[in-house]
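Let's take a walk through a protein model together. Keep the picture open and look up each spot as we get to it.

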Amino acid sequence: AASIPTVLKEEELVVLDPRAPLQAQKMKTTGQGFSQPIPPEQELPIDINYAKLSDWLSDRQKIRADWRNALRAIQEKVGTAVENLPDNPALNAVKAGINVKEMNYITVKKVRDVMTSDKDTAQKNWLGQYKNQATKEWEAILSMYHKDNVHLAEATQIMTQNVQFEIPAIRKLLQQTVKQQQELHRKEGEYKRGSDDYRERYKKECDKLGIEGKEVKGELLKRSECLPALYLEMMEALRSPGLVDAAKLYTAFVAHVTENAEVTAETILPVLSKVQSDALPTVEQMESISFAQDAVTLEDMQCIV
């Protein structure tokens with residue numbers, strides 16, 4: 001028989017068998033080999049296509065081929081367990097954001113953690129089992145997830161769905177939102193420029209009416225107080241010598257054209273003749289005439305406003 005060489009290394013006796021593979025020889029080395037875990041920084045990443053991750057786990061017997069049936073049974077049990085959740089503030093806050101159809105391993109674990117951390121639902125008997133029936137149910141659901149790594153299979157399903165459908169849909173929605181935001185910014189600029197233009201036009205119209213424009217209705221009604229004085233100024237203008245001469249000239253012209261000597265200012269210009277012939281009223285008289293019952297009333301002016 002061939003002799004087995006020995007090597008003395010760092011005060012350790014290592015037996016080298018030439019008939020054994022090198023890997024086996026390294027495993028025999030004291031304090032070295034595969035018995036120690038590999039440091040994380042020395043681990044090499046494995047690139048796996050997300051669509052084939054489920055098959056990759058199934059081929060390596062990490063999950064069962066019929067994991068969907070197990071997941072379906074878990075989801076049915078979750079739907080029943082949600083209805084039996086006790087009423088307490090901590091669980092109410094969790095239940096507020098739960099959609100039963102979208103519950104998964106993460107949400108189940110969150111509910112279980114809340115129940116096992118609450119003093120009312122986390123009590124155990126002398127055998128170490130939970131006394132609360134709802135806590136037992138959620139603990140059992142979590143155990144069903146861990147059995148045959150159903151939670152890993154569900155995670156691959158969620159990841160595949162997110163990558164294939166959810167993320168593209170969100171990206172498309174984001175693009176539409178950005179485009180809509182840009183369009184709204186453009187319209188906002190147009191509306192601001194238009195508002196500045198309309199504000200300037202409004203100010204000019206208020207200046208024409210002699211009001212500030214802060215309370216249009218009240219300011220316009222306030223302006224009606226100056227009407228009697230304005231009417232009096234108009235009557236004074238109608239009684240001016242120039243307008244009297246113009247009325248006489250117009251009367252003579254009409255009499256000449258119509259060859260009617262009986263034409264007078266009273267017949268062709270009755271209102272002007274009355275204003276020029278009658279005595280000029282006072283401001284008080286004008287106010288009584290302006291605000292008489294048969295004159296323009298305050299309600300009429302409000303309708304106009």
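## A serine tucked into a helix

S273 sits in helix α12, which covers residues 270–277. One thing to keep in mind from here on: this is a predicted model. Is S273 buried or exposed? It counts as buried, because its relative accessibility is 11% and the cut-off for buried is under 20%.

Who does S273 touch? Setting aside residues up to four places away in sequence, S273 touches A265 and E266.

## The whole chain

Now zoom out. The chain has 14 helices and 2 strands. It is 305 residues long, and 22% of those residues are buried.

The accessible surface of the chain adds up to about 23400 Å². Carbon and sulfur atoms account for 55% of that surface. Contacts tell us something about how the chain folds back on itself: take the ones between residues at least 6 apart in sequence, and 56% of them join residues at least 24 apart.

## The largest pocket

How much space lies in the largest pocket? The answer is about 290 Å³. If you'd like to find the pocket on screen, highlight its lining: Q75, K101, E102, M103, N104, E154, Q157, I158, Q161, N162 and E166. By type, the lining residues divide into 5 polar, 4 charged and 2 nonpolar.

Which helix gives the most to this lining? That's helix α7, residues 150–209, with 6 residues. Another lining residue, Q75, belongs to helix α3. Q75 is partly exposed, because its relative accessible area is 41%, which lies between the 20% and 50% cut-offs. The C-alpha atom of Q75 is 9.0 Å from that of I141, although these two are 66 residues apart along the chain.

## One aromatic pair

How many aromatic pairs does a search of the whole structure find? Just 1 turns up. The partners are Y105 and Y145, arranged edge-to-face, with 5.4 Å from centre to centre and 70° between the planes. The pair links distant parts of the chain: Y105 is in helix α5 (residues 105–117) and Y145 is in helix α6 (residues 133–146), 40 residues apart. Why give both a distance and an angle? A pair of aromatic rings is described by the distance of the centres and the angle of the planes.

What about their surroundings? Y105 is buried, since its relative accessible area is 14%, which is under the 20% cut-off. Y145 is buried too, with a relative accessibility of 0%.

## Far along the chain, brought together

S54 lies in helix α2. With 15% relative accessibility, S54 counts as buried. Leaving out neighbours within four places in sequence, S54 is in contact with I63, W67 and T156. There's a long-range link here as well: S54 and A153 are 99 residues apart along the chain, yet their C-alpha atoms are separated by 6.4 Å.

K203 gives us another spot to look at, this time in helix α7. K203 is partly exposed, because its relative accessible area is 47% and exposed would need over 50%. The C-alpha atoms of K203 and G213 are separated by 7.4 Å, and the two residues are 10 apart along the chain.

## Two residues with positive phi

Finally, take a look at some backbone angles. Q61 is not a glycine, and its phi is positive, near 60°. You'll find Q61 in the loop between α2 (53–59) and α3 (67–83). Is Q61 buried or exposed? Q61 counts as exposed, because its relative accessibility is 71% and the cut-off for exposed is over 50%.

N149 also has a positive phi, about 55°, although it is not a glycine. This residue is in the loop between α6 and α7. N149 counts as partly exposed, with 25% relative accessibility.

Terms used: Residues numbered from 1 in each chain as written. Predicted model: local features only at pLDDT ≥ 70, side-chain atom pairs only at ≥ 80, totals over all residues. Heavy atoms only, no water. 1 Å grid on protein atoms, 1.4 Å probe; cavity = no way out; pocket = protein on both sides within 12 Å on 5 of 7 lines; lining within 4 Å. Points joined across faces, edges and corners; volume = space filled by probe spheres on them. Helix = DSSP H or I, 4+ residues; strand = E, 2+ residues; numbered from the N terminus. Nonpolar A, V, L, I, M, F, W, Y, C, P; charged D, E, K, R; others polar. Buried < 20%, exposed > 50% of the residue type's maximum accessible area, 1.4 Å probe, protein only. Contact = heavy atoms within 4.5 Å. Phe/Tyr/Trp six-rings, centres within 6.5 Å; stacked < 30°, edge-to-face > 60°. Areas by Shrake-Rupley, 256 points an atom, 1.4 Å probe, with all protein chains shown as cover.
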